[in-house]
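This report goes through selected features of one protein chain, one topic at a time. Please keep the sequence and the structure in view while reading.

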Amino acid sequence: MDYRHTMKGRRALSALAIAAGLLLTVAGCGTGSDGKSDKGATASSPPTRNGDGEQKQSQAPQSETALAEVKGENGLTLTVTSAKRDNGGFVTVEGTVTNNTGTLWVAADWRGDERELARNGGSIAGASLIDQKGKKKYLILRDTSGRCLCTQFTGGVREGATAQWFAQFPAPPEGTDNVDFQVGAMPPASVELSQG
């Protein structure tokens, strides 16, 4: 194959990659039916409208039963809806956080105090599982770049909104079924682990 054909192929691949990127960008910039962008929305369900056409506040889905719910930090409500052991030797904890603080909440004191703050800012990276029986504390797992295996609250959570979160931890030993989930200045939430 000569140089001209090689360059022609490279240009075609570059054009294809750019076109695919633009298509994904356009698809990600959708707008709601009222023409306003929904960028930065953190509610767990889409907004609904009442009979007058006004938007009602999004609410968290009520289908899952809460394992634990704690209130603190000037109106934040943290709910744990799931805490499951997985076959890979870790525990995945999921839930919601509802912001009733009267202002935008950015999870600044939930991100932890390790040196990877820049990679985990605005996240739940500072959460831990505490095994009272075994007297051990389990921190959120990190990838090879130091990023937490957890939710990042990009753009924060608007006042009155509810956002879903997850966090993955090393699994406590078999036989340890009750742990405390703790993050920031929130009170500990006692949860029971289930098999995934």
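## Arginine 85 and its salt bridge

Arginine 85 has a relative accessible area of 5%, so this residue is buried. The model is a predicted one. Arginine 85 is part of strand E4, which covers residues 76–85. Side chains of opposite charge can pair when their charged atoms come close. Here the side chain of arginine 85 forms a salt bridge with that of glutamate 174, at 3.9 Å from N to O. Because glutamate 174 sits in the loop between E8 and E9 while arginine 85 is in strand E4, the pair ties together parts that are 89 residues apart in sequence. In contrast to its buried partner, glutamate 174 is exposed, at 62% relative accessibility. The count of salt bridges comes to one.

The side chain of arginine 85 also has a polar atom 2.7 Å from the backbone oxygen of threonine 176. Not counting residues up to four places away in sequence, arginine 85 touches a list of residues that includes Phe90, Val91, Pro172, Pro173, Leu193 and Gln195. Glu174 and Thr176 are also among the residues touched.

## Aromatic pairs

A pair of aromatic rings is described by the distance of the centres and the angle of the planes. The count for this model is five aromatic pairs. In one of them, tryptophan 105 and tryptophan 110, the ring centres are 4.7 Å apart and the planes stand at 75 degrees, so the pair is edge-to-face. The cut-off for that label is an angle over 60 degrees. Both residues of this pair are buried: tryptophan 105 has a relative accessible area of 9%, and tryptophan 110 has one of 0%.

The rings of tryptophan 165 and phenylalanine 181 are arranged with centres 5.0 Å apart and planes at 15 degrees, so this pair is stacked. Tryptophan 165 belongs to strand E8 (residues 162–170) and phenylalanine 181 to strand E9 (residues 178–182); the two are 16 residues apart, and their pair links distant parts of the chain. Tryptophan 165 and phenylalanine 181 are both buried. There is also an aromatic cluster, formed by Trp105, Trp110 and Phe153.

## The nonpolar core

Which residues of the largest nonpolar core touch the most other members? They are Trp110, Ile124, Phe153 and Phe181, out of 34 residues in this core. Strands E3 (68–72), E4, E5 (90–99), E8, E9 and E10 (189–192) are the elements that give two or more residues to it.

Isoleucine 124 has contacts with several aromatic residues, among them Trp110, Phe153, Trp165, Phe166 and Phe181. Its other contacts include Ile140, Cys150 and Val183; residues up to four places away in sequence are not counted.

## Strands E9 and E10

E9 and E10 run antiparallel and are joined by four bridges. Valine 179 has valine 191 in E10 as its bridge partner. The hairpin of these strands has six residues between them, and glycine 184 in this hairpin takes a positive phi near 55 degrees. In a regular strand the side chains alternate between the two faces of the sheet. In E10, Ala189 and Val191 are on a covered face, and Ser190 and Glu192 are on an uncovered one.

Glutamine 182 is a residue of strand E9. Its side chain reaches the backbone oxygen of glycine 184 at 2.9 Å. Leaving aside neighbours within four places in sequence, glutamine 182 is in contact with Gly126, Ala127, Ser128, Ile130 and Pro188.

## Two loop residues

Alanine 66 is in the loop between strand E2 (55–56) and E3. With a relative accessible area of 42%, alanine 66 is partly exposed. Its C-alpha is 9.6 Å from that of valine 191, although the two residues are 125 apart in sequence. Beyond its neighbours within four places in sequence, alanine 66 is in contact with Thr79 and Val80.

Is lysine 135 buried or exposed? Lysine 135 is exposed, with a relative accessible area of 74%. The loop between strand E6 (128–131) and strand E7 (136–139) holds this residue. Most residues other than glycine have a negative phi. The phi of lysine 135, however, is positive, near 55 degrees.

Definitions and conventions: Residues are numbered from 1 along each chain as its sequence is written. This is a predicted model: local features need pLDDT of at least 70, side-chain atom pairs count only at pLDDT 80 or more; totals for chains, interfaces and linings use all residues. Side-chain values use heavy atoms; hydrogens and water are left out. Rings of Phe, Tyr and Trp (its six-membered ring) pair if their centres lie within 6.5 Å; planes under 30 degrees apart count as stacked, over 60 as edge-to-face and the rest as tilted. Buried means under 20% relative accessible area, exposed over 50%, partly exposed in between (1.4 Å probe, protein chains only). A polar contact is a pair of N or O atoms within 3.5 Å; within protein, one must be able to donate a hydrogen and the other to accept it, and residues adjacent in sequence count only if both atoms are side-chain atoms. Contact means heavy atoms within 4.5 Å. A nonpolar core is a set of buried Ala, Val, Leu, Ile, Met, Phe, Trp, Tyr and Cys residues joined through side-chain atoms within 4.5 Å. A salt bridge is a side-chain nitrogen of Lys or Arg within 4 Å of a carboxyl oxygen of Asp or Glu. Two strands pair if DSSP finds at least two bridges between them.
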